[in-house]
Amino acid sequence: MGTTTTLPPLAAVKHLHYRGKLPLSITTVVICTLAFIGLMYSETISPFTSKLKSCSKRDSVTSRSGDRDGDKSGYDPEMDDRFEFDPEECSVVSGKWVFNSSYEPPYTDRSCPYLDWQVSCVKNGRPDSDYQRWQWQPDDCLLPPFNPAEALKKLRGKRLMFVGDSLQRGQWQSFVCLVEFIIPENQKSMKRGRAHSVFKAKEYNATIEFYWSPFLVESNSDLRIVGDPKKRILKVDSILKHAKHWTGVDILVFNSYVWWMSGLRIKSLWGSFANGAEGYEELDLPVAYRIGLKTWANWVDSTINPNETRVFFTTMSPTHMRSADWNHKDGIKCSNETKPVMKKNHWGTGSDKRIMKVVSSVVGKMKVPVTFINITQLSEYRIDGHSSIYTETGGKLLTDEQKADPLHHADCIHWCLPGVPDTWNQILYAHL
């Protein structure tokens, strides 16, 4: 899990401290030190992988909440010896999904009026609901449950803004739904816009906002979306058109990943769009991403006062397009999947490690502290949580004919709500 430091989360190993706890064995210390030095010099440090566990507060943790495959066995909190969540000492990356049959989400896609059709899976006909009852359990620490009253108290007098693509919009809607039900009807409001949407909790003088900026930098597909990825052009050195809407915000939560993954090369432009199709260069995807992310990082470092604004970055949300990734050879993408992948450290083709290295490298050099909401590994397991065929396209729900053709119509990018993004916000809440 990322920490409130400019270093990538794995680099935070050196910040671990053991206040009054039993010391690590000499062997463990040596192994951790050598492993960390090796990672530093091999340039494979990533905010999304789970190396921190080997250097955890204890030499080992015995999980008593079911077997290591995360089955549906019972959970006994009295036998849980994990420590309380501390962002300086706990990695939420390493863990497992535990099924809790008694858990009921605090909202549904019928009770929360702010969910898009795209993520309202039960309302759209999904027959199963077990995907809503898997809870993420880090190996070494206790992730605090999301408390809506406490969350609103932390946001009193503040603006919280999610910035990014439709996956970030899903995280925003999740956060709104996790708190709105405790607010009286006359004390809340929602204003939806093409780019900027604002939920207001009036009693708390707080807003929970979303700003649409799928690449963070400017592109010709920001509002009038260009459907053909090959015709999209990015102004990789330009961000002020969007960033002027981010100033004065107290808590900023960024993401940018899936829109970049539309091909091997990205049409990139410097300066004005006036030159049109003649002014761009095609760059390899990681190169274009690095330039775009550096533009974002430069804006943050030159504009944000870390004493007034906290900056978060949600790591990449994996897609699940190839059922062969989880050895379901007869499967069709994520269609009809009803439980998570149980293989420890499962990693599919929907998460690009080149992008991981770019984010780790760029953020690691920033002056302003950036906290990672490290959701990639835990989301990799959740092949069951996507909208699949229980969604919409072009503003219309899928027809029966389209639902019968998951190969072409199953959405294995976006997530059902309630669902996996609620866990992302549980991690964000733990850091607030």
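This passage describes the fold, core packing and salt bridges of a predicted model.

The protein chain holds 432 residues, of which 55% are buried. Its secondary structure amounts to 10 helices and 19 strands. Among contacts between residues at least 6 apart in sequence, 78% join residues at least 24 apart. As for confidence, the chain has a mean pLDDT of 84, with 79% of its residues reaching 70 or more. Residues 1–71 are a stretch to treat with care: the pLDDT there is below 50, although the stretch has 147 contacts in the model beyond near neighbours in sequence. Where pLDDT is low, the predicted coordinates should not be read in detail.

Turning to the sheets, seven strands make up an open sheet with mixed pairing, and their order is 6-7-8-5-11-14-15. Strand 6 (188–191) and strand 15 (370–373) are at the edges; each has a single partner strand, so one side of each is left without a neighbour in the sheet. From one strand to the next, the twist averages 15 degrees. At one of these edges, strand 15 pairs with strand 14 (residues 310–314) in the parallel sense over four bridges, and valine 311 is found opposite valine 370 of strand 15. Helix 5 (residues 285–303) lies across strand 11 (251–254), strand 14 and strand 15, and it runs at about 165 degrees to strand 14.

Another open sheet, also of mixed pairing, contains four strands in the order 9-10-12-13. Here strand 9 (218–219) and strand 13 (280–284) take the edge positions, and because each has a single partner strand, one side of each is left without a neighbour in the sheet. Within this sheet, strand 10 (residues 233–235) and strand 12 (residues 265–269) run parallel and are joined by three bridges, with isoleucine 233 opposite lysine 267 in strand 12. Helix 5 packs on this sheet too, where it touches strand 12 and strand 13 and makes an angle of about 110 degrees with the direction of strand 13. Helix 5 is thus in contact with strands of both sheets, since it also lies across strand 11, strand 14 and strand 15.

A further pairing involves strand 16 (residues 386–388) and strand 19, which are antiparallel and share two bridges. Histidine 386 stands opposite tryptophan 415 in strand 19. Strand 19 (residues 411–415) is mostly covered, with four of its five residues buried.

The packing of the interior comes next. In soluble globular proteins, nonpolar side chains tend to be buried together. In this model the largest nonpolar core has 98 residues, and those with the most contacts inside it are Phe175, Ile208, Trp246, Phe254, Trp296 and Phe313. Helix 5 supplies the largest share of this core, eight residues. Leaving aside residues up to four places away in sequence, phenylalanine 313 touches a set of residues that includes Leu216, Phe254, Tyr289, Leu293, Trp296, Val359, Val370 and Ile373. A second, separate core has nine residues, among them Cys121, Cys334, Tyr390 and Leu398.

Charged pairs complete the picture. Side chains of opposite charge can pair when their charged atoms come close. With N and O atoms required to be within 4 Å, the model has 16 salt bridges. One of them joins the side chains of lysine 344 and aspartate 139 at 3.3 Å, N to O. This pair links distant parts of the chain, 205 residues apart: lysine 344 is in the loop between strand 14 and helix 6 (353–364), and aspartate 139 is in the loop between strand 3 (134–138) and strand 4 (141–142). Lysine 344 is partly exposed, at 31% relative accessible area, whereas aspartate 139 is buried, at 6%.

Glutamate 209 and arginine 159 form another salt bridge, in which the closest N and O atoms are 2.7 Å apart. Here the partners are 50 residues apart, with glutamate 209 in strand 8 (residues 206–212) and arginine 159 in strand 5 (residues 159–164). At 2% relative accessibility glutamate 209 counts as buried, while arginine 159 is partly exposed at 25%. Asp116, Arg169 and Arg192 are joined into one network by salt bridges that share partners.

A local example is the salt bridge between the side chains of lysine 153 and glutamate 150, at 3.5 Å, N to O. Both residues lie in helix 2 (residues 148–154), three residues apart, about one turn of the helix. Glutamate 150 counts as partly exposed, with 31% relative accessibility.

Technical notes
Residues numbered from 1 in each chain as written. Predicted model: local features only at pLDDT ≥ 70, side-chain atom pairs only at ≥ 80, totals over all residues. Heavy atoms only, no water. Pairing = 2+ DSSP bridges. Axes fitted to C-alpha atoms, helices over the stretch in contact; angles between N-to-C directions. Contact = heavy atoms within 4.5 Å. pLDDT = per-residue confidence, 0-100. Core = buried A, V, L, I, M, F, W, Y, C linked by side-chain atoms within 4.5 Å. Buried < 20%, exposed > 50% of the residue type's maximum accessible area, 1.4 Å probe, protein only.
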